[in-house]
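Student: Before I trust the words attached to a model, I would like to see each one set against its definition. Could we look at the structure together and then go through the terms?

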Amino acid sequence: MANDGQGGLRGLFRVRGFRRLFAGQAVSGLGDWVATLAFIALAYGLTGNQTAVAVVLILRLVPPIFAAPVGGLLADRLDRRLLMVTCDLLRAGLIVLVPFLGIAGLYVIAFVHECLSLVFLPARDASVPLLVDDQDQLPLANGLILASSFGSIPFAAAVFGALRLAASHVPGWVPFGNAMRSHPTSTAFFFDAATFLFSAYMVVRIQRIPHGGRAADQSAFKGLAEAFRFIVRTPILRSLSTGLVVSMFGGGVLFAVGIAYIHQTLQGNDVDFGWLAALWGAGMAIGLGVVRFLVRERGERWVFLTSVTMCGAILIVMALLPFLWLAFAISVVFGASFSVAIMVALSMTQRVTEDRIRGRIMGGVQMLFRVGLGVGALGIGAIAYAIGDVHLLITLDGNQVGLFVGGVLILLGAAASAGVLRHAKAMHQPLEEPAPAESPA
C-alpha cells in the first residue's frame, strides 16, 4: 500500500493524465447540469406544460439500453482518446443549436446528445485504470471522477440563473447578441458547448490512453456477445452487477419520492427539500473522503456489500420514522453509502476486467447505472403516486410505501450480490497486469 502522500490525492494529481481527465470532466460536468436545467426550462417554455419536461427526461433514460453497449464496443475497437474528443466536439456542435429549434428538434438533440454521452463514458471509465500509479488508488480515482460529475449540482442552478440573466442584457454590438436576447436559454447552452471544448482540449493532451483495435477483428454482435459471456462466467461481475443496479435504484427512489416526502409526509417546504439534497451531496463528499480508509481497513468486498445494505436500510427507516430532523441526519449517511458503493463497484469491475474488453464491460456498467436510476425514479415514483394510505400496525402514506418498497428491494438485491464475498479469491487473480501510469509532471 502506498503511503498517504503517494496513494492519496497528491499522488493522483501528480499524474498528468489523470489530472487532465479530472479537470476536463469537472468543467464539463458543470456544463452538463447547467444544460439540463436549460433543457427543462426551454421545453416548458416552448409547450407550457410538464409533459414536455417528462419527455425530455424519458429521452435521457432510453439510450442506455443500446448506446452504452455500443459505446463500450467502440471503446475496445478505436483509439479511446480520439473517441472521447470526437464525442465532445459533436456534443458541443449539437448543443449550440438547441435554443433555436422547436420542441421536436429539442427532443431529437436531447436523444442524440445522450447517445453520444454514452459512447464517451465507457471510453473514459475504461481508461481510468491506466492513469493511476497504484491500483489501490482506483476507488479514490473513481470517486473523484464521480464527484466531477455530481459535485457541481449545487453550483449549476446559480450559474444557470446568472447566464439566464446575462442573456437579457447582452449588448447589441456583441456577435449574435440579438439572437441571445430573443432566446434567453442560449447562453446556458453556449456555456455547455464551451465546457465540451475544454474537455476535448484536456483529453487530447493525455498520452497514456492506448489505441484500441483489440476487438476490431470481431463483428459487433460477436464483440458484445464476448462481453456478455465474460460477465456470465465471472461470478464477481455477476454479483457486482446486481449491487450496482440496486444502488442506483436507491438513488432513483429518493430522487422520485424525496420532494413529495418532504412536502406531504413531513409537511416541509422547498427549502427543506433543498437542505435534504444538499445533505445528500455532503454525504457523497464524505464517502469520497472515507472510502480509501474503509477499503484499507475492511476490504473492498465487505465495504461494497455493507454500503448497499445501508442504502436499503435507510430508506426503510425514512419510511417508518417520518421525522424531518431524522431525514436530514440520515440523508448524509445515505449519500455516503451510495457514493461508496458506486466507487468500490467501479474499481472492482475495472480491476478484474482485461483491458481488451474493459470498454464493453464499462459500457454495461453505464447501462446498469441508468436502468437502476430510471426504474427507481419512474417505478417507485408511480407506486408512491398511485397508492393512498396503507393501514397496518401504523399508517403509511404513498410516499412512505414507496420508500419502504424501495428499501426492501435494495436489501433483496444486497443479499443477491453477497456472492461478491463468496468469490473473494477472484480479486486476487488479476486477468491482466495494468499498464504503467503516465510519468508524473
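The conversation below takes the descriptive terms one by one.

Student: What makes a residue count in this analysis, and how are the residues numbered?

Tutor: Residues are numbered from 1 along each chain as its sequence is written. The model is predicted, so local features need pLDDT of at least 70 and side-chain atom pairs count only at pLDDT 80 or more, while totals for chains, interfaces and linings use all residues, and side-chain values use heavy atoms, leaving out hydrogens and water.

Student: What does the chain consist of, in terms of helices and strands?

Tutor: There are 19 helices and 2 strands, where helices are DSSP runs of H or I with at least four residues, strands are runs of E with at least two, and both are numbered from the N terminus. Of the 441 residues, 52% count as buried, a label for under 20% relative accessible area, with exposed meaning over 50% and partly exposed lying in between (1.4 Å probe, protein chains only).

Student: Why is Q400 called buried, and which residues does Q400 contact?

Tutor: Q400, a residue of helix α18 (residues 398-416), has a relative accessibility of 6%, and it is therefore on the buried side of the cut-off. Setting aside neighbours within four places in sequence, Q400 is in contact (heavy atoms within 4.5 Å) with Y261, T265, A319, P322 and T395.

Student: Is Q267 buried or exposed, and what makes you say that?

Tutor: Q267 has 64% relative accessibility, and therefore counts as exposed. Q267 sits in the loop between α13 (235-265) and α14 (270-298), and its phi is near 60 degrees, a positive value in a residue other than glycine.

Student: How do you know that the length of helix α11 agrees with what is expected?

Tutor: The expected span is 1.5 Å times one less than the number of residues. Helix α11 (residues 186-204) has 19 residues and should therefore span 27 Å, and its end C-alpha atoms are 27 Å apart, which agrees. Its buried residues include F189, F196, M202 and V203.

Student: What does the comparison give for helix α7?

Tutor: With 25 residues, helix α7 (residues 103-127) should span 36 Å, and because its end C-alpha atoms are 36 Å apart, the two values agree. Helix α7 is mostly covered, with 18 of its 25 residues buried.

Student: Why is the contact of D88 with R91 called a salt bridge?

Tutor: The term asks for a side-chain nitrogen of Lys or Arg within 4 Å of a carboxyl oxygen of Asp or Glu. The closest N and O atoms of D88 and R91 are 2.6 Å apart, which meets that limit. Both residues lie in helix α6 (residues 80-95), 3 residues apart, about one turn of the helix. An α-helix has 3.6 residues a turn, so residues three or four places apart point the same way. D88 is buried because its relative accessible area is 0%, and R91, at 4%, counts as buried too.

Student: How many salt bridges are found in the whole structure?

Tutor: A search of the whole structure finds 3. Among them, D76 and R80 meet at 3.2 Å, N to O, and both are buried; D125 and R124 have their closest N and O atoms 3.0 Å apart, and this pair is buried as well.

Student: What makes a group of residues a nonpolar core, and which residues have the most contacts inside the largest one?

Tutor: A core is a set of buried Ala, Val, Leu, Ile, Met, Phe, Trp, Tyr and Cys residues joined through side-chain atoms within 4.5 Å. The largest core has 78 residues, and those with the most contacts inside it are F18, M318, V344 and L403. Helix α16 (residues 324-351) supplies the largest share of this core, 14 residues. A second, separate core of 20 residues includes V34, A156, F160 and L163.

Student: What does V344 touch, and why is E300 called buried?

Tutor: Not counting residues up to four places away in sequence, V344 touches V291, V295, E300, V303 and F304. E300, found in helix α15, has a relative accessibility of 8% and therefore counts as buried. E300 and P139 are 161 residues apart in sequence, yet their C-alpha atoms are 9.1 Å apart in space.
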